[in-house]
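Here is a short report for a reader who is new to this structure. It goes through cavities, sheets and a helix contact in turn.

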Amino acid sequence: MAQPDGKKIFFENLSGAGKAIAVLTSGGDAQGMNAAVRAVVRMGLYVGAKVYFIHEGYQGMVDGGENIKEATWESVSSMLQVGGTVIGSARCKEFRSHEGRLKAAHNLVQRGITNLCVIGGDGSLTGANLFREEWSGLLGELAEQGLIDADAVQMYSALHIVGMVGSIDNDFCGTDMTIGTDSALHRIIEVVDAIMTTAQSHQRTFVLEVMGRHCGYLALVSALACGADWVLIPEMPPEDGWEDKMCEKLSATRSRGTRLNIIIVAEGAIDRHGKPITSGIVKDLVVKCLGFDTRVTILGHVQRGGTPSAFDRILASRMGVEAVLALLETTANTPACVVSLCGNQSVRLPLMECVQMTQEVQRAMDGRRFEEAVKLRGRSFENNLKTYKLLAHRKPESELPVSNFNVAVLNVGAPAAGMNAAVRSAVRVGISEGHKMFAVSDGFEGFYKGQIKEIKWADVGGWTGQGGSLLGTKRTLPAKHIDKIAEQMRKHNINALLIVGGFEGFLSLLELLTARGKFDEFCVPMVMVPATVSNNVPGSDLSIGADTALNAITNTCDRIKQSASGTKRRVFIIETMGGYCGYLASVGGLAAGADAAYIYEEPFDIRDLQANVEHLTEKMKTSIQRGLVLRNENCNENYTTDFIYQLYSEEGRGVFDSRKNVLGHMQQGGAPSPFDRNFGTKISAKAMQWISKKLLETFRHDEGRVFANTEESCCLLGMRRRALVFQPVVQLKDETDFVHRIPKEQWWLKLRPLMKILAKYKTTFDVSDSGQLEHVVRNRPKESDASVAM
C-alpha cells in the first residue's frame, strides 16, 4: 500500500545490526505484557538486532542457561491476545545481592547482551538501574576472576536500559497509564455491572474490594465508571466521622427510590489516623447503622487475569517499539529511561526521576500529607478525584449557587457507548453549578418538536453503564427547522447548549453559528463533546465510543482467529465501520494483530492487494496458520469486501482458504468500556464548567439576558496530543474534509507503519514524534489533564 514518506527511514538510519537486546518481565504480571514483549522482539529483529527472551524475570537472568533464549519472529506469534506473561515473571531475592548481579552480568556478557528492556513495576526498574550503575564494576570483577577477558570488558563496557511500566495498579509517576491498568478496570467493571443486576433484584448493598496496593487509582476510576455511592482510597482518607456521613448518603439514595448501593474499597484504604479500613469493616458498619442487606465481594486476582483490552494492546505495542528506538539511540552517557504515555503521546523520561517521585508519594502518605500525595500522583489522578466528588455527592439545595440559567443537553448523530455517561456528568455538574438542566430527546428532530423537559439529579442515576443513547439521538441537522428550534429556545429560555455527538454535531454547531445572524436565540454559549465510534470529528484525537467499538472489534477478531485453530491455514477478511475514517480498521488491526488494513486515507490498487496476498502466502509457508485482514467499509468503492475475499480465495488457492465477516452494528452496541465511561464523564464535566464560565462572562445585567456572538462562544472540546482544548468550530473548518466527513490530518495514521512492521512488512516509519528525553513535571499546565488514559 502507498506509504507516507517517513521523516526518518529508521532501518537505514537506526540500524540494530550487531546489537543484542534482551527482554524480561519482572514483578507482578499484567495484561498487555505479552503485547509489549511481541513488539520488542519484532521491532528488534526488524532493525537487524539479535533479541533474547529472559524467562522468569531476574531469576532467569541470574540462573542463565535455558532461561535466556534467542527469540524468533514466530516465537511471539499468537501471544498478543494472551493475558499475563508467557515468558514468566518471578520475584528474585538473589538479584538483590551483589553476587546475584555478578552472575547475571556474566550470563549477559556470554551472549553479548548490552541492551535490556525491562517490563515491570518501580521495584523491577529500580533494580535494573542499580544493575546498570554497577555494570562496569561487575565486568571488572568478572575479568579479575578470569571469567571474561579484557576484550569483552572493552566491547561490552556499557549496559543500556529502557523500562516499560507493567502494573495493574497504575502507581508509577510520570505516565498517565501503565500497561495492564485498563484491562484490570475492564475486569472490575464487568463484575460491578453483573453485581448491579442481582443487587437491584434484592435491594442489596455491595461492598467491593479492589486491588492497587497503596494506590487508589483502580478504586477511584472504577467508582467513577460505575457511579458508586462511596469510595475509600489510601491517598485521600475520609474525614473523622465519615461513618455517619456515608450512612446518611446511602440512606438518602435509598429514600429517592434507588434499589441498590455500591461501595468500592481500595485494598490499601486507611482512615486519617492510618488505621486500615477493610471491606469487612464497611459491611459491618452498614448492617449495624442501617440494617441493609449487605454483601462483600473481594475481586482479588481476577483483576490480573483475562485477555488484555484493546487499549493495553495498543499501548504496549507502541511502548515496545518506542523502547527499541530508545535503545538504538542510547549512548554511554544516556541515563536509563522509561517510555510512557502522556495524553496521547509516547514520551521518554529518566527512570530514576520517575522512581523518586513515586517514592515521594509514599513518603507523603506516611507523613499524613494526603493532599500532597494526591498532587504527586499527577493531574489525572487529582482530576479523577475532583470529578468523582462533584458527581457522587449531591449538595443540599440550600448550598447550591443560584444561577437562574437554563442549559439544554442533547445527543446528535449515531449512538455511541459512553454518551449516557457524558449526559449524566453534564446534568450533575450543571445542577452543582446552580443551573436548571433540560434534556432534549431525539436530537434536533426532538428539539423542533418541543421534546424538551427538565432533568433532575436522580433522573440520571445508573446511566454510566448503559450503552446507546437514553435521550435518543438522530442525524437530523438543525438548518431545515431553524425557526422552530429558535422558537423552542425562546419558549424554554435556553441560555446554553451542550451537544454530545459525532460529525453531525459538528455540522450542527456550524449551522447554529450561521443562524446567529438571524436569530438572537442562538447567541448563547454552545459547546460540543465528540461521541462517535468512527472517531472522525475534527479537533479531537479521540471520541467517546471509539474505545468500546475497538474492544468489540478486537474481541471478535480473537474469536474468529480462534475458530481456525486446529484447521488448515486460513485468512479472515473482516469489514469494520467508520464511514470514510479508517481509525477502527487501522487501530483495531494493530490491537488484533492484523496483516493488513485497507482504508480510504491510504489509497491502494490491485498491485498492493497482490503484494499482500503474496506476503501472506510466504508467511503461511512457515508456522503461521492464520491471517487477518481488516477493511474499512468505504475504503474503495470497487475493491469491496466481496472482491477482496474472492481475490484472496483465488490467489491463495492451495496455500490457504479465506473467510469473510462483516461486523456491522455490533460495533455500536454493548456496555461502554471503562475508558469511554471515564472519558465521557471527565470531558463533559469540563464542558459544563466552560459553559458556566461563559454564561457569567456573557450575561448582560442591563438587559437581563445572555448574549454571546463571538467565535469563541461556539466551541468543540477535543483532545489534542497531551491536552483537552476548547476550539472555535469556525476555526476547524479548514481542517475538515466535508465531502468524506473526516479531518484532513489524523494522528493515528502514524500508527499504521507500526502495524505493518509487526506484520513483517518492510516500510518507512516516521520517528519525528519519538521522544527526546524529557523530565518529570510535578504540575503540568492546567489544560493538560488530557489523560487519554482516564
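## Cavities and their linings

The second largest cavity is lined by Met 164, Val 165, Thr 175, Met 177, Thr 178, Ile 179, Leu 315, Met 319, Val 339, Ser 340 and Leu 341. A cavity here is a set of points on a 1 Å grid over the protein atoms alone where a 1.4 Å probe fits but cannot get out, and lining residues have an atom within 4 Å of a point. The model is predicted: local features need pLDDT of at least 70, side-chain atom pairs count only at pLDDT 80 or more, and totals for chains, interfaces and linings use all residues. Residues are numbered from 1 along each chain as its sequence is written, and side-chain values use heavy atoms, with hydrogens and water left out.

Strand E5 (160-165), helix H11 and strand E10 (337-342) each give two or more residues to the lining of the second largest cavity. Helices (H or I, at least four residues) and strands (E, at least two) are DSSP runs, numbered from the N terminus. E10 gives the most, with 3 residues. By class, this lining has 8 nonpolar, 3 polar and no charged residues. Ala, Val, Leu, Ile, Met, Phe, Trp, Tyr, Cys and Pro count as nonpolar, Asp, Glu, Lys and Arg as charged, and the others, Gly among them, as polar.

How many cavities of 30 Å³ or more does the structure hold? There are 5. A volume is the space filled by probe spheres set on the grid points, which are joined across faces, edges and corners. The table sets out two of the cavities.

| Cavity | Volume | Top contributor to the lining |
|---|---|---|
| Largest | about 200 Å³ | H11, 4 residues |
| Second largest | about 60 Å³ | E10, 3 residues |

The largest cavity is lined by 16 residues, and the closest to its centre are Phe 311, Ile 314, Asn 344, Leu 542 and Tyr 583. Helix H11 (310-329), helix H19 (546-562) and helix H20 (583-592) each supply at least two residues of this lining. The lining divides into 12 nonpolar, 2 polar and 2 charged residues.

## Two parallel sheets

One open sheet has 4 strands in the order E7-E8-E6-E9, with parallel pairing. Two strands pair if DSSP finds at least two bridges between them. Strand E7 (230-232) and strand E9 (294-298) stand at the edges with a single partner each, so one side of each has no neighbour in the sheet. Neighbouring strands are turned by 15 degrees against each other on average, direction ignored. Axes are lines fitted to C-alpha atoms, for helices over the stretch in contact, and angles run from 0 to 180 degrees between N-to-C directions.

Strand E6 (205-210) and strand E8 (261-266) pair in the parallel sense over 6 bridges. Val 210 has Ala 266 in E8 as its bridge partner. Helix H8 (217-226) packs on the sheet and touches E6, E7 and E8, at about 165 degrees to E8. Contact means heavy atoms within 4.5 Å. Helix H10 (279-290) also packs there, touching E6, E7, E8 and E9, and its direction makes about 170 degrees with that of E9.

Another open sheet has 4 strands in the order E19-E20-E18-E21, and its pairing is parallel. Which strands stand at the edges? Strand E19 (596-598) and strand E21 (657-662) do; each has a single partner strand, so one side of each is left without a neighbour. The average turn between neighbouring strands of this sheet is 20 degrees, direction ignored.

Strand E18 (570-576) pairs with E21 in the parallel sense over 6 bridges. Val 571 stands opposite Ser 658 in E21. H20 lies across E18, E19 and strand E20 (626-632), and runs at about 165 degrees to E20. H20 also supplies at least two residues of the lining of the largest cavity.

## A hairpin and a helix contact

Strand E24 (714-720) and strand E25 (723-728) pair in the antiparallel sense over 6 bridges. Cys 715 stands opposite Pro 728 in E25. This hairpin has 2 residues between the strands, and Arg 721 takes a positive phi near 50 degrees.

The axes of helix H14 (379-392) and helix H23 (674-698) come within 11 Å and cross at roughly 75 degrees. That makes H14 roughly perpendicular to H23, a term for angles of 65 to 115 degrees. On H14, the contact residues include Asn 383, Asn 384 and Leu 391; on H23, they include Lys 682 and Ala 685. The residues of this contact divide into 3 nonpolar, 6 polar and 1 charged.

Note on methods:
On a 1 Å grid over the protein atoms alone, a cavity is a set of points where a 1.4 Å probe fits but cannot get out, and a pocket is an open set with protein on both sides within 12 Å along at least five of seven lines; lining residues have an atom within 4 Å of a point. Angles under 35 degrees count as roughly parallel, over 145 as roughly antiparallel, 65 to 115 as roughly perpendicular and the rest as oblique.
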